[in-house]
Amino acid sequence: MENQVSKLQKNLWIICLILAPLLIACAQFFWHNGLVTTVGGVLQVLSFTCWIFAFQGMFQVLKEDLPRYAVIGFALAVYACIGGNNFGVDGIYVEAMGITNLDAAGSVLEQIGFPTAIYLFIPGALFPLSMIILGIQLWRFRKVSPVTSLIFCIGALCFPLSRIPRIDLLAHLDNLLLIVAHLMVAWELYLKDQFSRGNSELKSQ
(Lines give C-alpha, C1' and ligand atoms only; values in the text may rest on other atoms or scores of the structure.)
Protein backbone atom coordinates (compact mmCIF):
# COMPACT_ATOMS: atom_id res chain seq x y z
CA MET A 1 0.00 0.00 0.00
CA GLU A 2 2.94 2.33 0.80
CA ASN A 3 4.40 1.82 -2.67
CA GLN A 4 1.02 2.50 -4.26
CA VAL A 5 0.68 5.83 -2.41
CA SER A 6 4.23 6.80 -3.41
CA LYS A 7 3.46 6.07 -7.04
CA LEU A 8 0.27 8.12 -6.86
CA GLN A 9 2.19 11.03 -5.35
CA LYS A 10 4.87 10.83 -8.03
CA ASN A 11 2.25 10.76 -10.78
CA LEU A 12 0.53 13.81 -9.26
CA TRP A 13 3.81 15.75 -9.29
CA ILE A 14 4.51 14.86 -12.92
CA ILE A 15 0.97 15.71 -14.06
CA CYS A 16 1.09 19.06 -12.25
CA LEU A 17 4.50 19.86 -13.74
CA ILE A 18 2.86 19.55 -17.15
CA LEU A 19 -0.52 21.13 -16.36
CA ALA A 20 0.75 24.25 -14.56
CA PRO A 21 2.45 25.92 -17.58
CA LEU A 22 -0.22 24.60 -19.98
CA LEU A 23 -3.02 26.22 -17.98
CA ILE A 24 -1.22 29.56 -17.65
CA ALA A 25 -0.60 29.46 -21.42
CA CYS A 26 -4.32 28.90 -22.03
CA ALA A 27 -5.18 31.73 -19.63
CA GLN A 28 -3.10 34.11 -21.74
CA PHE A 29 -5.53 33.78 -24.64
CA PHE A 30 -8.25 35.30 -22.45
CA TRP A 31 -6.42 38.53 -21.65
CA HIS A 32 -8.35 41.58 -22.88
CA ASN A 33 -6.62 44.96 -23.22
CA GLY A 34 -3.95 43.78 -20.82
CA LEU A 35 -6.49 42.68 -18.21
CA VAL A 36 -7.10 39.17 -16.90
CA THR A 37 -10.71 38.21 -17.61
CA THR A 38 -12.97 35.85 -15.66
CA VAL A 39 -12.09 32.83 -17.79
CA GLY A 40 -8.41 33.72 -17.73
CA GLY A 41 -8.56 34.24 -13.97
CA VAL A 42 -10.12 30.84 -13.34
CA LEU A 43 -7.49 29.15 -15.51
CA GLN A 44 -4.79 31.06 -13.65
CA VAL A 45 -6.15 29.89 -10.29
CA LEU A 46 -6.05 26.28 -11.53
CA SER A 47 -2.55 26.80 -12.95
CA PHE A 48 -1.05 28.05 -9.71
CA THR A 49 -2.82 25.32 -7.76
CA CYS A 50 -0.99 22.83 -9.97
CA TRP A 51 2.24 24.78 -9.51
CA ILE A 52 2.11 24.19 -5.74
CA PHE A 53 2.30 20.43 -6.32
CA ALA A 54 4.84 20.86 -9.12
CA PHE A 55 7.08 22.77 -6.69
CA GLN A 56 6.50 20.09 -4.07
CA GLY A 57 7.82 17.45 -6.44
CA MET A 58 10.85 19.48 -7.51
CA PHE A 59 11.79 20.34 -3.92
CA GLN A 60 11.32 16.68 -2.98
CA VAL A 61 14.26 15.63 -5.14
CA LEU A 62 16.48 18.14 -3.32
CA LYS A 63 15.35 17.09 0.15
CA GLU A 64 18.33 14.81 0.75
CA ASP A 65 20.97 17.23 -0.58
CA LEU A 66 19.52 20.51 0.75
CA PRO A 67 17.10 19.68 3.58
CA ARG A 68 16.73 23.25 4.92
CA TYR A 69 16.35 24.78 1.47
CA ALA A 70 13.80 22.11 0.53
CA VAL A 71 11.60 23.20 3.46
CA ILE A 72 12.08 26.99 3.39
CA GLY A 73 12.23 27.22 -0.40
CA PHE A 74 9.02 25.24 -0.78
CA ALA A 75 7.25 27.43 1.81
CA LEU A 76 8.22 30.58 -0.11
CA ALA A 77 7.23 28.97 -3.41
CA VAL A 78 3.78 28.17 -2.02
CA TYR A 79 3.42 31.80 -0.93
CA ALA A 80 4.45 32.83 -4.44
CA CYS A 81 1.81 30.54 -5.95
CA ILE A 82 -0.85 32.06 -3.69
CA GLY A 83 0.15 35.44 -5.14
CA GLY A 84 -0.29 34.08 -8.67
CA ASN A 85 -3.68 32.74 -7.64
CA ASN A 86 -4.60 36.17 -6.26
CA PHE A 87 -3.74 37.88 -9.55
CA GLY A 88 -6.22 35.52 -11.19
CA VAL A 89 -8.92 36.28 -8.61
CA ASP A 90 -8.20 40.00 -9.06
CA GLY A 91 -8.94 39.62 -12.76
CA ILE A 92 -12.24 37.88 -12.02
CA TYR A 93 -13.40 40.71 -9.73
CA VAL A 94 -12.15 43.44 -12.07
CA GLU A 95 -14.28 42.09 -14.91
CA ALA A 96 -17.27 41.65 -12.58
CA MET A 97 -16.98 45.34 -11.64
CA GLY A 98 -17.10 46.31 -15.32
CA ILE A 99 -13.53 47.63 -15.44
CA THR A 100 -12.15 47.52 -18.97
CA ASN A 101 -8.82 49.37 -18.85
CA LEU A 102 -5.56 49.16 -16.94
CA ASP A 103 -5.80 52.66 -15.46
CA ALA A 104 -9.13 51.93 -13.80
CA ALA A 105 -7.86 48.56 -12.53
CA GLY A 106 -4.77 50.26 -11.15
CA SER A 107 -6.86 52.83 -9.31
CA VAL A 108 -8.68 50.03 -7.49
CA LEU A 109 -5.36 48.64 -6.25
CA GLU A 110 -4.31 52.15 -5.20
CA GLN A 111 -7.43 52.43 -3.07
CA ILE A 112 -6.58 49.15 -1.36
CA GLY A 113 -3.06 50.42 -0.74
CA PHE A 114 -0.32 48.59 1.17
CA PRO A 115 -2.12 45.21 1.53
CA THR A 116 -1.66 44.67 -2.23
CA ALA A 117 2.07 44.29 -1.56
CA ILE A 118 1.36 41.39 0.80
CA TYR A 119 -1.12 39.45 -1.30
CA LEU A 120 -0.02 40.41 -4.83
CA PHE A 121 3.34 42.04 -5.43
CA ILE A 122 5.72 40.43 -2.91
CA PRO A 123 4.59 36.86 -3.70
CA GLY A 124 4.48 37.86 -7.37
CA ALA A 125 8.18 38.76 -7.23
CA LEU A 126 8.99 35.58 -5.30
CA PHE A 127 7.53 33.34 -8.03
CA PRO A 128 10.18 33.83 -10.74
CA LEU A 129 12.89 34.14 -8.09
CA SER A 130 11.88 30.79 -6.57
CA MET A 131 11.96 29.17 -10.00
CA ILE A 132 15.37 30.59 -10.91
CA ILE A 133 17.02 29.45 -7.67
CA LEU A 134 15.31 26.07 -7.92
CA GLY A 135 16.46 25.63 -11.52
CA ILE A 136 20.05 26.36 -10.50
CA GLN A 137 19.90 23.90 -7.60
CA LEU A 138 18.39 21.17 -9.76
CA TRP A 139 21.33 21.56 -12.15
CA ARG A 140 23.89 21.96 -9.36
CA PHE A 141 22.97 18.60 -7.84
CA ARG A 142 22.57 16.94 -11.25
CA LYS A 143 18.84 16.32 -11.03
CA VAL A 144 18.37 17.82 -14.50
CA SER A 145 20.70 18.59 -17.39
CA PRO A 146 22.38 22.01 -17.81
CA VAL A 147 20.24 22.71 -20.90
CA THR A 148 17.02 21.97 -19.04
CA SER A 149 18.09 24.14 -16.12
CA LEU A 150 19.02 27.01 -18.46
CA ILE A 151 15.67 26.93 -20.30
CA PHE A 152 13.82 26.65 -16.98
CA CYS A 153 15.65 29.70 -15.56
CA ILE A 154 15.19 31.77 -18.73
CA GLY A 155 11.46 30.99 -18.70
CA ALA A 156 11.28 32.08 -15.07
CA LEU A 157 13.22 35.31 -15.74
CA CYS A 158 11.02 36.20 -18.70
CA PHE A 159 7.81 35.59 -16.73
CA PRO A 160 7.69 39.06 -15.10
CA LEU A 161 9.40 40.74 -18.08
CA SER A 162 6.49 39.69 -20.30
CA ARG A 163 3.68 40.21 -17.76
CA ILE A 164 4.57 43.60 -16.28
CA PRO A 165 4.37 45.50 -19.61
CA ARG A 166 1.27 43.44 -20.55
CA ILE A 167 2.61 42.52 -24.00
CA ASP A 168 0.63 39.54 -25.30
CA LEU A 169 3.23 38.31 -27.79
CA LEU A 170 6.01 38.27 -25.20
CA ALA A 171 3.77 36.47 -22.72
CA HIS A 172 2.85 33.83 -25.32
CA LEU A 173 6.53 33.27 -26.15
CA ASP A 174 7.41 32.94 -22.47
CA ASN A 175 4.52 30.52 -21.94
CA LEU A 176 5.89 28.34 -24.73
CA LEU A 177 9.31 28.45 -23.10
CA LEU A 178 7.81 27.49 -19.73
CA ILE A 179 5.92 24.56 -21.27
CA VAL A 180 9.08 23.23 -22.91
CA ALA A 181 11.11 23.71 -19.72
CA HIS A 182 8.56 21.98 -17.47
CA LEU A 183 8.15 19.10 -19.91
CA MET A 184 11.92 18.62 -19.90
CA VAL A 185 12.08 18.76 -16.10
CA ALA A 186 9.16 16.32 -15.78
CA TRP A 187 10.75 13.92 -18.27
CA GLU A 188 14.20 14.00 -16.65
CA LEU A 189 12.90 13.62 -13.09
CA TYR A 190 10.62 10.77 -14.18
CA LEU A 191 13.23 9.10 -16.37
CA LYS A 192 15.89 9.20 -13.63
CA ASP A 193 13.25 8.38 -11.00
CA GLN A 194 14.63 11.16 -8.81
CA PHE A 195 11.57 11.09 -6.55
CA SER A 196 12.38 7.62 -5.20
CA ARG A 197 15.46 8.90 -3.34
CA GLY A 198 13.32 10.97 -1.02
CA ASN A 199 10.77 8.18 -0.70
CA SER A 200 13.41 5.61 0.26
CA GLU A 201 14.76 8.02 2.85
CA LEU A 202 11.31 8.37 4.41
CA LYS A 203 10.79 4.60 4.51
CA SER A 204 14.13 4.04 6.25
CA GLN A 205 13.20 6.32 9.14
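The following legends describe close-up views of a predicted model.

**View 1. Helices H5 and H6 pack side by side in opposite directions.**
Helix H5 covers residues 115-140 and helix H6 covers residues 146-163. The two helices pack at an angle of about 170°, and their axes are 8 Å apart. Because angles over 145 degrees count as roughly antiparallel, H5 is described as roughly antiparallel to H6. On the H5 side, the meeting residues are Phe127, Pro128, Met131, Ile132, Gly135, Ile136 and Trp139. On the H6 side, they are Pro146, Ser149, Phe152, Cys153, Ala156, Leu157, Phe159 and Pro160. Sorted by class, this contact of H5 with H6 holds 13 nonpolar residues, two polar residues and no charged residues.

**View 2. Serine 149 of helix H6 is in contact with glycine 135.**
Is serine 149, a residue of helix H6, buried or exposed? Its relative accessible area is 7%, so serine 149 is buried. A polar atom of the serine 149 side chain lies 2.7 Å from the backbone oxygen of glycine 135. With neighbours within four places in sequence left aside, the contacts of serine 149 are Gly135, Ile136, Trp139 and Val144. Among these, Gly135, Ile136 and Trp139 also appear in H5 where that helix meets H6.

**View 3. Helix H3 has a span that agrees with its number of residues.**
Helix H3 runs over residues 67-96 and contains 30 residues. At 1.5 Å a residue, H3 should span 44 Å, and because its end C-alpha atoms are 44 Å apart, the two values agree. The buried residues of H3 include Ala70, Gly73, Ala77, Ala80, Cys81, Gly83 and Gly84. Asn85, Asn86, Gly88, Gly91 and Val94 are buried in H3 as well. Which elements are included in the cover over the buried residues of H3? Among them are strand S2 (35-36), helix H2 (38-60), helix H4 (102-112) and H5. After H3 comes glycine 98, which has a positive phi near 80°.

**View 4. Helices H2 and H3 are roughly antiparallel.**
The axes of H2 and H3 cross at roughly 175° and come within 7 Å. Since this angle is over 145 degrees, H2 counts as roughly antiparallel to H3. By class, the contact of H2 with H3 comprises 16 nonpolar, nine polar and one charged residues.

**View 5. Glycine 34 is buried in the loop between strands S1 and S2.**
The relative accessibility of glycine 34 is 8%, so this residue counts as buried. Not counting residues up to four places away in sequence, glycine 34 touches Leu102 and Arg166. Glycine 34 and arginine 163 are 129 residues apart in sequence, and their C-alpha atoms are 9.0 Å apart in space. The loop between strand S1 (31-32) and S2 also holds asparagine 33. Asparagine 33 is exposed, with a relative accessible area of 52%.

**View 6. Asparagine 33 and arginine 166 each have a positive phi.**
Most residues other than glycine have a negative phi. Asparagine 33, however, has a positive phi near 55°. Arginine 166 is likewise not a glycine, and its phi is positive at about 60°. Where is arginine 166 found? Arginine 166 is in the loop between H6 and helix H7 (168-191). With 33% relative accessibility, arginine 166 counts as partly exposed.

**View 7. Glutamine 137 of helix H5 is buried.**
Glutamine 137 has a relative accessibility of 13%, and because buried means under 20%, this residue counts as buried. Which residues is glutamine 137 in contact with, leaving aside its neighbours within four places in sequence? They are Leu62, Leu66 and Tyr69.

**View 8. Methionine 184 of helix H7 is partly exposed.**
The relative accessible area of methionine 184 is 24%. Not counting residues up to four places away in sequence, methionine 184 touches Val147, Thr148 and Ile151. Methionine 184 and leucine 62 are separated by 122 residues in sequence and by 17 Å in space, C-alpha to C-alpha.

Terms used:
Residues are numbered from 1 along each chain as its sequence is written. This is a predicted model: local features need pLDDT of at least 70, side-chain atom pairs count only at pLDDT 80 or more; totals for chains, interfaces and linings use all residues. Side-chain values use heavy atoms; hydrogens and water are left out. Axes are lines fitted to C-alpha atoms, for helices over the stretch in contact, and angles run from 0 to 180 degrees between N-to-C directions. Helices (H or I, at least four residues) and strands (E, at least two) are DSSP runs, numbered from the N terminus. Angles under 35 degrees count as roughly parallel, over 145 as roughly antiparallel, 65 to 115 as roughly perpendicular and the rest as oblique. Contact means heavy atoms within 4.5 Å. Ala, Val, Leu, Ile, Met, Phe, Trp, Tyr, Cys and Pro count as nonpolar, Asp, Glu, Lys and Arg as charged, and the others, Gly among them, as polar. Buried means under 20% relative accessible area, exposed over 50%, partly exposed in between (1.4 Å probe, protein chains only). A polar contact is a pair of N or O atoms within 3.5 Å; within protein, one must be able to donate a hydrogen and the other to accept it, and residues adjacent in sequence count only if both atoms are side-chain atoms. The expected span of a helix is 1.5 Å times one less than its number of residues.
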